There are 2 protein chains.
Amino acid sequence: MTPGSQHPDGPAPQPLRSDAERNRERIIAAARKVFARDGLGASMASVAREAGVGIATMFRRFPTKEELVAAVFADRMDAYADAVAVALDDPDPWHGFIGYLEAACAMQAADYGFADVLTTSFPTAKAMEERRNEAYTGMVRLIDRAKAAGRLREDFDPSDLVLIHMANAGVVNATGDAAPDAWRRVVALFIQSFEAPARGPLPASPEHDALHRAMLRTSPASLTTPEPDTTS
Amino acid sequence: MTPGSQHPDGPAPQPLRSDAERNRERIIAAARKVFARDGLGASMASVAREAGVGIATMFRRFPTKEELVAAVFADRMDAYADAVAVALDDPDPWHGFIGYLEAACAMQAADYGFADVLTTSFPTAKAMEERRNEAYTGMVRLIDRAKAAGRLREDFDPSDLVLIHMANAGVVNATGDAAPDAWRRVVALFIQSFEAPARGPLPASPEHDALHRAMLRTSPASLTTPEPDTTS
DNA sequence: TTGAAACTGGATAGGGCAATCCGATTGGTA
DNA sequence: TACCAATCGGATTGCCCTATCCAGTTTCAA
């Protein structure tokens, strides 16, 4: 509504009072911690408690939960995109490819919230969507390189990366901290099935749009209620 | 409390009045439908509405949601256990093995509720636990046969089947009906990575107990809120 | 036919959630 | 120093969930 000064990266038209800025930092730090531990299902109240601020303070700074999520995972999304760049710098295309795959899945495992973010993709924020798309184009080049080197099966499709993230999210969410390394085995299995030559044909990939719609479809909210507290 | 007649499979010590029995059937049928469509996150109220009975009627027959879930998925669990038996009857151990794998994952894909049930394993019910364990021992034999035939990699562990179910649940939950066949590709990839000879070593399997604890840990409740109703 | 136990379902309790309101407090400037 | 607006946080709203209560209804045996 307010015209003028529409810098795409202009963060602070109003330089926030000092205490407000301090609380903002606290809230983000707390949210980072809580979302990583409990997933996106964590309640706003628990974040406020962890941050030591009132609930209203949080909602004034982040009018909706989605905005908080976007703020918290912005830099993690950067790291995600960076991982692609690192992989593209690897002189060995295959090594770069599997390195990226392991790194990306490790991020999912290290942060339950991020695992949710990667697979749900609800209208989080423009910036994150951009990052995701940026990463995606990089991944396509990564894949092409690995195929050209003859190490990646020819029928590998970029959408397979999305599928892996979904599968990995399932493993990570289900195992939790009871078996924190289970995902490594699953990813290793995937990688071996990707290696050329293919051992056989595969069912067709889902349509490109279909996966995107699927990610939009899934609800942002409830996953992994913190503690049912079944003391029985 | 009431002593005597503790038949393990004695379902009806009190032969339920006719209308009550009729409503019981209706409720189970409705729950089957609703859970399959919306996952275990579906509310009891929605089941009651679908069944055309009052909420209280449902809670009298099934005092807790877990009991309803157990009643609904009892026969599906039978089918799951039967699939193992079918696979064991296959003269070709490898063919039987992959056939079972596909069948089991297909069940997950066909019924969101069942997908939840397979991976959460919250204290659903004794009968289902038995079925699950029964299936498990069968699967171990299936695995041993396939290994003995030289078609399944030697380092395959029974717990890998659990991991696959978790991964598949992730795919099925994330894709939903937007890409209803995406899981097939994932499962095919898994199968190719299982085939002997192994293409390389794998990270160790999680401890046996760890997975079980992981399954107990995950909360029964909220998954996939039916419709965010984003009319925007 | 009749009566009581079993059954029915709407209204309601009780808890968790995201999000809002308002009186008290604090920051920064004149 | 003194003031006002920005900020603070506890109480509150509104919604959805599982689960319970209770007055009216139905089944079934005598």
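**Exercise 1.** What percentage of the 232 residues in chain A do buried residues make up?

*Solution.* The structure is a predicted model, and burial is judged by a neighbour count, a residue being buried if 20 or more other C-beta atoms lie within 10 Å of its own. Applied to chain A, with its 232 residues, this criterion gives a buried share of 41%.

**Exercise 2.** Describe the secondary structure of chain A and the sequence separation of its contacts.

*Solution.* Begin with the elements: chain A contains 10 helices and 0 strands, and reading along the sequence gives the pattern α-α-α-α-α-α-α-α-α-α. Then turn to the contacts with a separation of 6 or more, of which 72% are between residues 24 or more positions apart.

**Exercise 3.** Into which domains is chain A divided, and how many residues of each are in contact with the other?

*Solution.* First, the division places residues 18-63 in domain 1 and residues 73-217 in domain 2. Next, the C-alpha centres of these two domains of chain A are 29 Å apart. At the contact between them, domain 1 contributes 6 residues and domain 2 contributes 4. Finally, sorting the domain 1 side by class yields 3 nonpolar, 1 polar and 2 charged residues.

**Exercise 4.** Locate the span that UniProt lists as "DNA-binding region" in chain A, and characterise its conformation.

*Solution.* The UniProt record, an unreviewed entry, lists residues 43-62 of chain A under this name. In the model, the span is 75% helix and 0% strand, while the C-alpha atoms at its two ends lie 14 Å apart.

Definitions and conventions: Residues are numbered from 1 along each chain as its sequence is written. Chains are lettered from A and ligands numbered from 1 in the order in which they are written. This is a predicted model: local features need pLDDT of at least 70, side-chain atom pairs count only at pLDDT 80 or more; totals for chains, interfaces and linings use all residues. Domain bounds come from an automatic or database domain assignment. Two residues are in contact if their C-beta atoms, placed from the backbone, lie within 7 Å. Ala, Val, Leu, Ile, Met, Phe, Trp, Tyr, Cys and Pro count as nonpolar, Asp, Glu, Lys and Arg as charged, and the others, Gly among them, as polar. UniProt positions are given in the numbering used here, feature names are shortened, and annotations may be inferred rather than shown by experiment. Helices (H or I, at least four residues) and strands (E, at least two) are DSSP runs, numbered from the N terminus. A residue is buried if 20 or more other C-beta atoms lie within 10 Å of its own, exposed if 12 or fewer, and partly exposed in between; C-beta atoms are placed from the backbone.
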